[in-house]
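Subject: A structure to look at

Hello,

Here is the structure I promised to pass on to you. Please open it first, and then read my notes below.

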Amino acid sequence: MIVPSRLSRIALLLLITVPASGGEPLAARTVDLPAPETAARLERCLAASGFDVTRRETSGAEIRIFASRGQDVRALLVSPRSPLASVVEWGTNAGEAGAPGTPDDLRACIERGGAPTAVLAGEKFVVCLRARRGGREIRFSGLLVGAEGTVVSTAHDLDRVEEVSVRLRDGRIVPGKIGRKDPLLDLSRIDLEEPVPGFPLEGRVRDRLTPDEPVYSLGCADGGAVRLREGRVGGNPRRSGGMPLWEVRMETIPGSSGGPAFDAGGSLAGLVKGRFRGTKDRGYLIPVGTILEFLGTVKRGNR
């Protein structure tokens, strides 16, 4: 469910209403996604709602989307606003409440990206983490696992950090104590003072991915909102510092390090390590095998 406090994730920067042909209202919103990704998300979402969808690209890099479901017809225009932002305009010839094409549902389509339900189900296990080191605030993400109140995340930037603030999906902020850090693996285990159900690892992991298959990351952005990013596996694991990493073609935003990445079936594919220096759409995932190895050697209360 989309709530007002989470609207900032898609940066609704513009809201205008102008007359359309035939007197129909035409509305537009600007979102912080490139036009091709915005269009792809809308297409998937409309198709999942039972619409027959066609698209046409214009010479001006605009993308026109037509969707029909019986007598219900939707028409959308996606235009580039900048290399990293786009404008979505829409109109309808039927006002069916709750159907994609209405402002709220278009917002949900862009927000969720048409991601599989199994992927979105993992959002409740994502936590937003904050810590301080040398007077500087560190923000990153983590994944609740098991049933004891255990968070697994990355370890970079956690030198000389012993405690973190953990924001759960129900909005509560609870203290967390770093149980162990492994700089080589770039993994940390954070223990909560109370048991909190986490992602069930048993039978829900993918240690082998295939080139070009889709993966979906869930990580924290400004304000503690969890944002979904879709990407593609770049190829076989690469080694960095002696450790294997999956390379992915995926936007990696500040604060998302440590957040989980899932395959299309909702199985855990890894944790976001970070992005390749100098890029925004090339990232790396710590493989599941490395995560399981780390968790298997860490006991609560041990450093």
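A disulfide is counted here when two cysteine sulfur atoms lie within 2.5 Å of each other. Please keep in mind that this is a predicted model.

With that cut-off, a search of the whole structure turns up one disulfide. Its partners are Cys128 and Cys220, whose sulfur atoms are 2.1 Å apart. The link between Cys128 and Cys220 is left-handed, with -90 degrees about the S-S bond. Cys128 sits in strand 7 (residues 126–133) and Cys220 in strand 13 (residues 214–220), so the disulfide ties together parts that are 92 residues apart in sequence.

Are these two cysteines buried or exposed? Cys128 is buried, at a relative accessible area of 8%, and Cys220 is buried too, at 4%.

Strand 7 leads us to the next feature. There is a closed barrel of six strands, in the order 7-8-9-12-11-10, and the pairing is antiparallel. From one strand to the next, the twist averages 40 degrees. Within this barrel, strand 7 pairs with strand 10 (residues 163–167) in the antiparallel sense, over three bridges. If you want a place to start looking, take Leu129, whose bridge partner in strand 10 is Val166.

Finally, have a look at helix 4 (residues 288–296). Helix 4 lies across strand 8 (136–145), strand 9 (150–153), strand 11 (173–182) and strand 12 (187–192). Its direction is at about 50 degrees to strand 12.

Enjoy exploring, and best wishes!

Methods
Residues are numbered from 1 along each chain as its sequence is written. This is a predicted model: local features need pLDDT of at least 70, side-chain atom pairs count only at pLDDT 80 or more; totals for chains, interfaces and linings use all residues. Side-chain values use heavy atoms; hydrogens and water are left out. Helices (H or I, at least four residues) and strands (E, at least two) are DSSP runs, numbered from the N terminus. Buried means under 20% relative accessible area, exposed over 50%, partly exposed in between (1.4 Å probe, protein chains only). Two strands pair if DSSP finds at least two bridges between them. Axes are lines fitted to C-alpha atoms, for helices over the stretch in contact, and angles run from 0 to 180 degrees between N-to-C directions. Contact means heavy atoms within 4.5 Å.
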